[in-house]
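Have the sequence and the model open side by side. The paragraphs below go from one residue to its surroundings, and then to the helices.

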Amino acid sequence: MTKEIHKCECEICRTQSDPEVMQQHQQMNLLLIRLNEPQRRWYVGSLSQHPGQPTDGELSQITGLDEKTIRRGRRELDMEWAGFTAERQRQVGGGRPCAEKKTPNSK
């Protein structure tokens, strides 16, 4: 399955008023499709920490990530990845519970 690049929804990209900014937004979104879920949060969360960078709302328009996700990425960066392992993408216990318990003796 191929991921589609998010099309920036900011005012600059909609009106095509600044080609340099448009290219920067496209490159950000190109990078994001190559990252996994936590890496996307952390990348955009780190962008939101720099002075003069877009706000969380603007980054949400640019990247398609929810503002809550961006804040979560920033919080996780502030915690210095405490409790995160390189082997797992999601935390233990995440996801939907099994609908049916499978036992070795059941037929």
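**Asparagine 29 and its surroundings**

Leaving aside residues up to four places away in sequence, asparagine 29 touches Ile5, His6, Cys8, Ile62 and Thr63. The model is a predicted one. Asparagine 29 lies in helix α2 and is buried, with a relative accessible area of 2%. Because the limit for buried is under 20% relative accessible area, the 2% of asparagine 29 falls within that class.

One of the residues that asparagine 29 touches is Cys8. With the same exclusion of residues up to four places away, cysteine 8 touches Cys13, His25, Asn29, Gln61 and Ile62. Ile62 is thus listed for asparagine 29 and also for cysteine 8.

Cys8, Cys13 and Ile62 lead on to the largest nonpolar core, where they are among the members. This core has 12 residues in all, and the others are Cys10, Met28, Leu32, Leu35, Val44, Leu47, Leu59, Leu65 and Ile70. Helices α2, α3 and α4 each supply at least two residues of the core.

Now step back to the whole chain. The protein has five helices and zero strands, and its elements run α-α-α-α-α from the N terminus on. Of its 107 residues, 25% are buried. Among contacts with a separation of 6 or more, 55% are between residues 24 or more positions apart.

Between α1 (11-15) and α2 is a loop that holds glutamine 16. Glutamine 16 is not a glycine, yet its phi is positive, at about 55°. Glutamine 16 is exposed, with a relative accessible area of 58%, whereas asparagine 29 is buried.

Helix α3 covers residues 37-47, and its buried residues are Pro38, Arg41, Trp42, Val44, Gly45 and Leu47. These buried residues pack against α2 (19-32), α4 (56-63) and α5 (67-78). An α-helix has 3.6 residues a turn, so residues three or four places apart point the same way. Pro38, Arg41 and Gly45 can be followed along α3 with this in mind, as can Val44 and Leu47.

How do the axes of α2 and α3 cross? They come within 10 Å and cross at roughly 150°. The two helices are therefore roughly antiparallel to each other. Where they meet, α2 contributes Met28, Leu31 and Leu32, and α3 contributes Arg40, Tyr43, Val44 and Leu47. By class, the residues of this contact are six nonpolar, no polar and one charged. Met28, Leu32, Val44 and Leu47 from this contact also belong to the largest nonpolar core.

The other helix pair to look at is α4 and α5. Their axes come within 9 Å and cross at roughly 110°, which makes α4 roughly perpendicular to α5. This crossing is right-handed. Asp56, Gly57, Leu59 and Ser60 in α4 meet Glu67, Ile70, Arg71 and Arg74 in α5. Two nonpolar, two polar and four charged residues make up the contact of α4 with α5.

Arg74 leads back to α3, where serine 46 has its place. Serine 46 and arginine 74 are 28 residues apart in sequence, but their C-alpha atoms are 6.2 Å apart in space. Serine 46 has a relative accessible area of 23% and is partly exposed. Its neighbours in sequence, Gly45 and Leu47, are both buried.

Notes: Residues numbered from 1 in each chain as written. Predicted model: local features only at pLDDT ≥ 70, side-chain atom pairs only at ≥ 80, totals over all residues. Heavy atoms only, no water. Buried < 20%, exposed > 50% of the residue type's maximum accessible area, 1.4 Å probe, protein only. Helix = DSSP H or I, 4+ residues; strand = E, 2+ residues; numbered from the N terminus. Contact = heavy atoms within 4.5 Å. Core = buried A, V, L, I, M, F, W, Y, C linked by side-chain atoms within 4.5 Å. Axes fitted to C-alpha atoms, helices over the stretch in contact; angles between N-to-C directions. Parallel < 35°, antiparallel > 145°, perpendicular 65-115°, else oblique. Left-handed = near helix turned anticlockwise from the far one by under 90°. Nonpolar A, V, L, I, M, F, W, Y, C, P; charged D, E, K, R; others polar.
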